[in-house]
Amino acid sequence: MKIGFTETVLRDANQSLIATRLPYEKFAGILSEMDKAGYYSVECWGGAVFDCCLRYLDEDPWERLRKIRAAMPGSKLQMLLRGQNLLGYRHYPDEIVKMFVAKSVENGIDVIRIFDALNDLTNIEVATKEALKRGAEVSGTISYTQSPVHTIKAFAKLAKEMEDMGVTTVCVKDMAGVMSPAEAYELIGEIKQSVKVPVVLHTHCTTGMAFMTYLKAVEAGVDVIDTATSCFSGGSSQPATETLHYALTGLGYETGLDPAVLKKVNDFFKPVRDEFLKSGKLDPKMLATDTDALNYKVPGGMLSNLVAQLKAQNAMDRFEEVLVETPKVRADLGYPPLVTPMSQMVGVQATANVLAGERYKNISKEVKAYCKGEYGKAPGKIDPEVMKKALGDEQPIKGRYADTLEPVFEKTKAELKGIAKSDEDVLDYVLFPQVAEKYFAARKAKEEKVVRYTIAPAD
Ligand code: CO
């Protein structure tokens, strides 16, 4: 039996350990080697990569993708897409979603992993159909979480609905690393019963269970797992590629991986990791096991945000109260999975409820929009009292929020005349207006400098 491996060092490991600060030049030299490793796919784009390229690295994310594509002709390049949010933090009109997906494929993406924070399939449908139309594979992705409404049967039903939508694979995404081996065995087993397409499992080492979770998932019939080259594995990242290759091969599974190439890849990234450790951009804490998420049922990343929030308000003495309030707010809001942007929304509201001394005295703009239905359908029922406090006399929207959004592409393109050099530039601007503006200015300054330098020697 064959188990496929998706290597995440360029995207999720990079994002989970060093806040996506890996510049292209730091990994360019190993791409042609990675191309020979035998991975099922290489996750290298999407998620926070796009935003961070523009915001912190002064890199054109599309250019990065084209370079990776050119260096890895034999690999399937994979990206992560937040459904109707694309790579941003709000919903975009269908026109933009379609164009973004088409451009991603045109610039080199083979596999698009598409998820919605609320598992509302109407938020992934447009991106899914467009990706399939453009010839990409779609990994329909379930945001995994635990709650009374997130039963194994409900997840299996969701997987089936994704299959009916035409996805190439179904992926279960455990962003918090809280899926236990027992849960993995049962859940993957049930999904394998309900769909014919290959099943993928994505988890993180955060709470220390990931290797065991993958092993039980493999026993339950999972087809593909996500791993990271060992020096960028563990802690808040994925389990190690080489370790799982070794362990699974020993159990009689085929992985298709070449261990000699895996070693070269890891040897390449070791000094990169050391450099980030030395500069402090990689906090050794990120590499450790943290079981708080199991005790509090709150993802690790969200816990550190809560601490930062309370410290900023000089209210760390209320930490325990906020931790007790957090699951209550989540229940009131119909049990949204605690993934971006829901984790921030729930955390901020729980803190406000505790610090104000009265629950829902202050309701954030985001929670109001959520109650109105602007993020999609809540997994469970939103508490009617909270709904009333959030909306007052306003009515929740009917149907998809994206249907209420006007097309913006042509208008934005006209506005950016002389600044945007391509449709990709226009998309950068639609997703992150201020960040893109700053990036375009920096790019222009750099180009002028190059022109001056090339002219200089002729003087
Ligand atoms: Co992840």
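**A walk through the model, starting from one strand pair**

Hi everyone. Let's begin with a single residue: Val 42 sits opposite Leu 77 in strand β3. Keep in mind throughout that this is a predicted model.

So where does that pair belong? Strand β2, residues 41-46, and strand β3, residues 77-81, run parallel and are joined by 4 bridges. On to another partner of β2: strand β1, residues 4-7, also pairs with β2 in the parallel sense, over 2 bridges. There, Glu 7 stands opposite Val 42. And is β2 covered or open? Mostly covered, with 6 of its 6 residues buried.

Now let's turn to the packing. In soluble globular proteins, nonpolar side chains tend to be buried together. Here, the largest nonpolar core holds 101 residues. Which members touch the most others? They are Met 34, Trp 45, Leu 81, Phe 100, Ile 112 and Phe 269. Helix α12 gives this core its largest share, 6 residues. There is also a second, separate core of 35 residues, including Ala 315 and Val 386.

Let me pick out Phe 100. Setting aside neighbours within four places in sequence, Phe 100 is in contact with a list of residues that includes Trp 45, Trp 62, Met 79, Leu 81 and, from much further along the numbering, Leu 427 and Leu 431.

Next, please find Phe 268, which lies in helix α12, residues 259-279. Is Phe 268 buried, partly exposed or exposed? Its relative accessibility is 26%, so Phe 268 counts as partly exposed. Apart from neighbours within four places in sequence, Phe 268 is in contact with Lys 26, Phe 27, Gly 29 and Ile 30. For a sense of distance, Phe 268 and Asp 110 are 25 Å apart, C-alpha to C-alpha, with their positions 158 residues apart in sequence.

Last stop, the metal. Which residues coordinate the cobalt ion? Asp 12 does so through OD, and His 202 and His 204 each through NE2, at 2.1 Å. Along the chain, these donors follow the spacing D-x189-H-x1-H. Asp 12 is in helix α1, residues 12-18, while His 202 is in strand β7, residues 199-202, so this pair ties together parts that are 190 residues apart in sequence. Both of these residues are covered: Asp 12 is buried at a relative accessible area of 4%, and His 202 is buried at 0%.

That's the tour. Thanks for listening, and do rotate the model yourselves!

Note on methods. Residues are numbered from 1 along each chain as its sequence is written. This is a predicted model: local features need pLDDT of at least 70, side-chain atom pairs count only at pLDDT 80 or more; totals for chains, interfaces and linings use all residues. Side-chain values use heavy atoms; hydrogens and water are left out. Donors are N, O and S atoms within 2.8 Å of the metal (3.2 Å for Na, K and Ca); water is not among the atoms, so sites may look incomplete. Buried means under 20% relative accessible area, exposed over 50%, partly exposed in between (1.4 Å probe, protein chains only). Contact means heavy atoms within 4.5 Å. Two strands pair if DSSP finds at least two bridges between them. A nonpolar core is a set of buried Ala, Val, Leu, Ile, Met, Phe, Trp, Tyr and Cys residues joined through side-chain atoms within 4.5 Å.
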